[in-house]
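This report describes the fold of one protein chain. Please keep the sequence and the coordinates at hand while reading.

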Amino acid sequence: MGNQVNENMNIYFNIPQVHGLEPCREEGKDIKIQEINNGHNMNLAITKCNGESQGKLALVINHYTETLNQEISHLLGYPTNQSFDYGALAPLMQFHINNLGDPFIGSSYGVNSAKFEVSVLDWFAKLWEIKKEEYWGYITSGGTEGNFHGLLIGRENFPDGIIYTSQDSHYSIFKIAKMYRMQCIKVSTLTTGEIDCANLKTLLLAHKDKPAIINLNIGTTMKGAVDNIDMVIQTLEESGFTRDRFFIHCDGALLGIMLPLIKQAPVITFEKPIGSITISGHKFLGCPTPCGVLLTRLEHTNTFSKDIEVIGSRDATISGSRSGHAPIFIWYALQKRGLIGLENEVQKCLMNARYLKDKLCDVGISTMLNEFSNTVVFEKPLDCEFIRKWNLAYQGNIAHVVVMQHVTIEMLDSFVDEFTQKRATWYGLRKPICLANEIGAENCACMLHK
């Protein structure tokens, strides 16, 4: 059944059954979500033939703005930085800015931001240590498009190649493999969420006749784990894969920009034999719309690019029309903060993540925090309302908080206090389950391991 509008023009949504969300629903009942703000129902039905008045439109937007502000005050489980101000870019909203084709060539559509785009790409080329004349890239619609492009390069270089990726990889990797009709092998992970190189070696040796396309995670979705690039390269070489028989793509959605700004952190660099890196612009940098950055080696771009006369450019990207505002958002974020400002933000996130980890441990909650990560993993709360209130992401028996720039100590204190109070009622005389398999015995606070 589709969405329904009642006689008062209030919008309700029929929510389809989603695997993994069953504990958060009352059996036999449809959940109807109605946007309510300050006692007013949001009327979003488009019904006026002559258009709605500006005053009523402004009222809806103002109400929705208040709703979003309420959500942000409890937004803990997803890696989006909500601490930003792009008000200075408001004049650009009167333009349709479209970056068609190859940003290094430009296009016959003059209302573009290709110069901003190339400036951003040059910045990331320096961050990831690749010479200007040796790289190519573009601003994507997000991390998933970056993964699509990186793995496409791998496939075009090795049409019969096999994708190897850890079981903790982002779901987009498995979707991409299915859409590209490529063989994809899941590699087991360590308790931290990092790829298990011993298992990778076994799998590589079992398929030595085909090239390897490796997807590495620079921060896994649930645990924020970083795959060891050096160890993976060593594993490939020990398994008999020379550099002309493997391609490495790095999915660095969140940590791909943070790690280079942390002293002693694993080095993310094109000086190693990696083929592509992608990050999300709406995560750490806090762009107001989903976007991302994809960088690869220039030598790979001719594999599937083609000159297109109608746009006066080269078609070398996954999408055709691309947001011209996104490169400006990223450029503005980098220019306004500078390298020192970005480093300070990274340190603040890491410090607050350690604060949350310690606070949860102090009240006896099983908790894990990987080194160089701002993702705090803990036992999944048993109350669906609590999970939704704090926008927590969860999988199996664990949930996490991703400590971003907008997350304050006050938010974390409020979260832990409420968690502790509700937890006492959830369990009663029962004891929390053991999470040694999920986060390691050393991080488990069950009766057996504490």
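The sections below cover confidence, the sheet, the cores and a few individual residues.

## Confidence

The model is predicted. The protein chain has an average pLDDT of 91, and 91% of the residues reach at least 70.

Residues 1-23 stay under a pLDDT of 50, and the model gives them 40 contacts beyond four places in sequence. Residues 25-40 are also below 50, with 36 contacts beyond near neighbours in sequence. Where pLDDT is low, the predicted coordinates should not be read in detail.

## The seven-stranded sheet

Seven strands make up an open sheet with mixed pairing, ordered E5-E11-E10-E9-E8-E6-E7. Its edges are strand E5 (135-140) and strand E7 (184-187), each of which pairs on one side only. With direction ignored, neighbouring strands of the sheet are turned by 20° against each other on average.

At the E5 edge, six bridges link E5 to strand E11 (residues 292-297) in the antiparallel sense. Glycine 137 has leucine 295 in E11 as its bridge partner. Elsewhere in the sheet, E8 and E9 run parallel and are joined by six bridges, with alanine 212 opposite phenylalanine 246 in E9. E9 also runs parallel to strand E10 (residues 276-280), to which three bridges join it. In that pairing, cysteine 250 has isoleucine 277 in E10 as its bridge partner.

## Strand E9 and the packed helices

How many of the residues of E9 are buried? Six of the six are, so E9 is largely enclosed by the rest of the structure. In a regular strand the side chains alternate between the two faces of the sheet. In E9, Phe246, Ile248 and Cys250 point one way, while Phe247, His249 and Asp251 point the other way; all are buried.

Helix H6 (residues 229-238) lies across E8 and strand E9 (246-251), and runs at about 165° to E8. Together, E8, H6 and E9 form a right-handed β-α-β unit. Helix H4 (residues 171-179) lies across strand E6 (162-166), E7 and strand E8 (212-217), and its direction is at about 165° to E6.

## Nonpolar cores

The largest nonpolar core has 67 residues, of which Phe124, Tyr164, Leu295 and Ile330 touch the most other members. Helix H8 (residues 325-362) contributes the most to this core, with 11 residues. A second, separate core has 24 residues, including Leu360, Val376, Leu392 and Tyr427.

Beyond residues up to four places away in sequence, tyrosine 164 touches Ile185, Val187, Leu200, Leu203, Leu204, His207, Ala212, Ile213, Ile214 and Asn215. Leu295, listed above for the largest core, is the residue that bridges to glycine 137.

## Isoleucine 328 in helix H8

Helix H8 also holds isoleucine 328. This residue has a relative accessible area of 5%, and it counts as buried because that value is under 20%. Apart from neighbours within four places in sequence, isoleucine 328 contacts Leu89, Leu92, Ile97, Ser113 and Phe116. Isoleucine 163 is 165 residues from isoleucine 328 in sequence, and their C-alpha atoms are 34 Å apart.

## Strands E14, E15 and E17

Five of the five residues of strand E15 (residues 375-379) are buried, so this strand is largely enclosed by the rest of the structure. Strand E14 (residues 367-369) pairs with E15 in the antiparallel sense over three bridges, and threonine 367 has phenylalanine 378 in E15 as its bridge partner. E14 and E15 form a hairpin with five residues between them.

E15 also pairs with strand E17 (residues 398-402), in the antiparallel sense and over five bridges. There the bridge partner of phenylalanine 378 is alanine 399 in E17. Phenylalanine 378 thus has bridge partners in both E14 and E17.

## Residues with positive phi

Most residues other than glycine have a negative phi. Arginine 181 has a positive phi near 55° and lies in the loop between H4 and E7. Is arginine 181 buried or exposed? Its relative accessible area is 79%, and arginine 181 is therefore exposed, the cut-off being over 50%.

Phenylalanine 372 also has a positive phi, near 65°, and is found in the loop between E14 and E15. At 17% relative accessibility, phenylalanine 372 counts as buried.

Note on methods:
Residues are numbered from 1 along each chain as its sequence is written. This is a predicted model: local features need pLDDT of at least 70, side-chain atom pairs count only at pLDDT 80 or more; totals for chains, interfaces and linings use all residues. Side-chain values use heavy atoms; hydrogens and water are left out. pLDDT is the predictor's confidence in each residue, from 0 to 100. Contact means heavy atoms within 4.5 Å. Two strands pair if DSSP finds at least two bridges between them. Helices (H or I, at least four residues) and strands (E, at least two) are DSSP runs, numbered from the N terminus. Axes are lines fitted to C-alpha atoms, for helices over the stretch in contact, and angles run from 0 to 180 degrees between N-to-C directions. A nonpolar core is a set of buried Ala, Val, Leu, Ile, Met, Phe, Trp, Tyr and Cys residues joined through side-chain atoms within 4.5 Å. Buried means under 20% relative accessible area, exposed over 50%, partly exposed in between (1.4 Å probe, protein chains only). A crossover is right-handed if, with the strands pointing away from the viewer, the path from the first strand over the helix to the second runs clockwise.
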